[in-house]
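Visitor: I would like a close look at one part of this protein. Please take me through it step by step.

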Amino acid sequence: MNIMNTRRLITMLVVLAMFAAACGGDNDDGDADAPGPAPATEAPAAPEPEPEPEPEEAAPAETELEGAPETEEPVFEPAPTEEPEPEIPLTATWRGVTADTITIGVTYLDIEQLVELGFSQATWGDQELVIQALADDINDRGGVNGRRLEVITDKYNPIGATEAEAACLRITEDNEVFAVLFGFLGPAEVANTCIVDQQETILVGGTITEERLATARAPWVNERVTREVSTGALFTLLEAEGMLEGRSIAIVADLPAAPQLEEVAGLLRERGVEPVLEVATSSQVADLIAQNQEWATLSERIRATGADTLLLVGNASAGIENARLNGLEVDIWATDASGLGSNIGSNVDPESARGVITVGAMTDAQIFETDPRFKECLDAFNAKHPDIEVKHPDSLEEGEPNWYTALSAHCRFFQLFELLVTSAGPNLTHETFAEAIANAGEFSIAGQPYASLGPNKLSSSDSFQLLEQDPELGARGLLVPAGPMRDATP
């Protein structure tokens, strides 16, 4: 639902010309009263042959014909050149949009609490500095269609939805923003409906599901992929590598991912693999004791099926660690890369995750070293804060702030939002923003060399490669490429 910049061809030349032609010629008949020839002493000369009629010549075109309208000589002018679109005066077009500004809300994770709870090994630096630097960069380049961005920030604890729902109300109701970037993730993601449904506000971020999307009353896109798409990509790439054939696969989903269990199993069946077990856990992600107790029983069920592969749907931390604790000798695949790499839970022995296979886009190292779209954001932040070093994500010491993670994540949201708002044009409304989404087509943003949006495609990433956890890299392990990057753009 994207609006295209249309060009109007204003000049049309219509030339009417009327031409008339007249035909005529000489007709010489001899004179009847002419005297006869004089007598001759010599043989009379042979009569000269009659001249052949002259070819007809077109009469010159008349400039005036009686009773006909006057015509003008055709005027030949150069081909019309494209004229610039007339400037549309900027006005207040929607809540949060004035003639001069676009007010947006940006939520961000309370990483400090996640570190305290053991779900993250380090903070992400000062995220408010990162967010403001990216907004300032857009404003320094003239804003978006002549309007400057004004940013309202709010952080939330993702363990549960209470803080997220309060943050939603503060941003959308108290500040009346045009759109929210980032949204809510993890167990707090249910609060995204507060933004797009109750508060009828655009969201660029969060996790989109069909059920939540059905209630949305405002446009909603994100920079990630649905679990269905990423899992389908995982199976497609595994199949391409010959790794699906002959597998006995037990599928275990964590509590938040339980609604997707049947769908994931269906994707396997489409490829000719019948799961030997399909089960969802019932313990909360933050309750490690309850998780361990549940997995002790679950591990025996998996062992009894004879499974050689454990497919984890959702957060993989509990499954990875408990497979080791309970002596399961299985290969482990994970549909979600978010709990792997450097984000592996502090309660997980890094060695337990060795060889875990997942699917994802570019690795952090690939993005930092080779991605030109990320470099745009890195340069923008460095220009504002030359005293802060954004280190290569693989060079961080344990506990050192990971500025890179915050910068790369928020970079994607700002680039996607800027792309869509620019396309929506000066008359910025929900309708024009929705049209921008529908007509976006293919593009790239930080971490996604292949990306696209369209009428029925609301998650941007089309970049996929198999990834494998290597516990010997980084502080506690990193994901490394295990296959080629593929473009999954429809």
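Visitor: With which side chain does the side chain of Lys-457 make a polar contact?

Guide: The partner is Asp-462. In this predicted model, the side chains of Lys-457 and Asp-462 make a polar contact at 2.9 Å.

Start with the place. Lys-457 sits in a loop. Before that loop comes strand β12, residues 448-453. After the loop comes strand β13, residues 463-470.

Asp-462 is not the end of the story for this side chain. A polar atom of the Lys-457 side chain also lies 2.9 Å from the backbone oxygen of Ser-452. So there is a side-chain partner, Asp-462, and a backbone partner, Ser-452.

Is Lys-457 buried or exposed? Its relative accessibility is 17%. Buried means under 20%, so Lys-457 counts as buried.

Now step back to the whole chain. The chain has 490 residues, and buried residues make up 46% of them. It holds 13 helices and 15 strands. Take the contacts with a separation of 6 or more: residues 24 or more positions apart account for 67% of these.

Next, look at a sheet. Five strands form an open sheet with parallel pairing. Their order is β2-β1-β3-β4-β5. The edge strands are β2 (148-156) and β5 (220-221), and each pairs on one side only. Inside the sheet, β3 (residues 179-182) and β4 (residues 202-205) run parallel, joined by four bridges. Find Phe-182, and you will see Gly-205 of β4 standing opposite. A helix packs on this sheet too: α3, residues 162-174. Helix α3 touches β1 (101-109), β2 and β3. The direction of α3 makes about 155° with that of β2.

Finish with a pair of helices. Helix α11 covers residues 372-384, and helix α12 covers residues 403-424. Their axes are 10 Å apart, and the packing angle is about 110°. Angles of 65 to 115 degrees count as roughly perpendicular, so that is how α11 and α12 lie to each other. The crossing of α11 past α12 is right-handed. Which residues meet there? From α11 they include Phe-374, Leu-378 and Phe-381. Among those from α12 are Trp-403, Tyr-404 and Leu-407. Cysteines take part as well: Cys-377 is one of the α11 residues in this meeting, and Cys-411 is one of those in α12.

Back to where we began. Lys-457 is buried, lies in the loop between β12 and β13, and makes a polar contact with Asp-462.

Notes. Residues numbered from 1 in each chain as written. Predicted model: local features only at pLDDT ≥ 70, side-chain atom pairs only at ≥ 80, totals over all residues. Heavy atoms only, no water. Helix = DSSP H or I, 4+ residues; strand = E, 2+ residues; numbered from the N terminus. Buried < 20%, exposed > 50% of the residue type's maximum accessible area, 1.4 Å probe, protein only. Polar contact = N/O pair within 3.5 Å; in protein donor to acceptor, adjacent residues only side chain to side chain. Pairing = 2+ DSSP bridges. Contact = heavy atoms within 4.5 Å. Axes fitted to C-alpha atoms, helices over the stretch in contact; angles between N-to-C directions. Parallel < 35°, antiparallel > 145°, perpendicular 65-115°, else oblique. Left-handed = near helix turned anticlockwise from the far one by under 90°.
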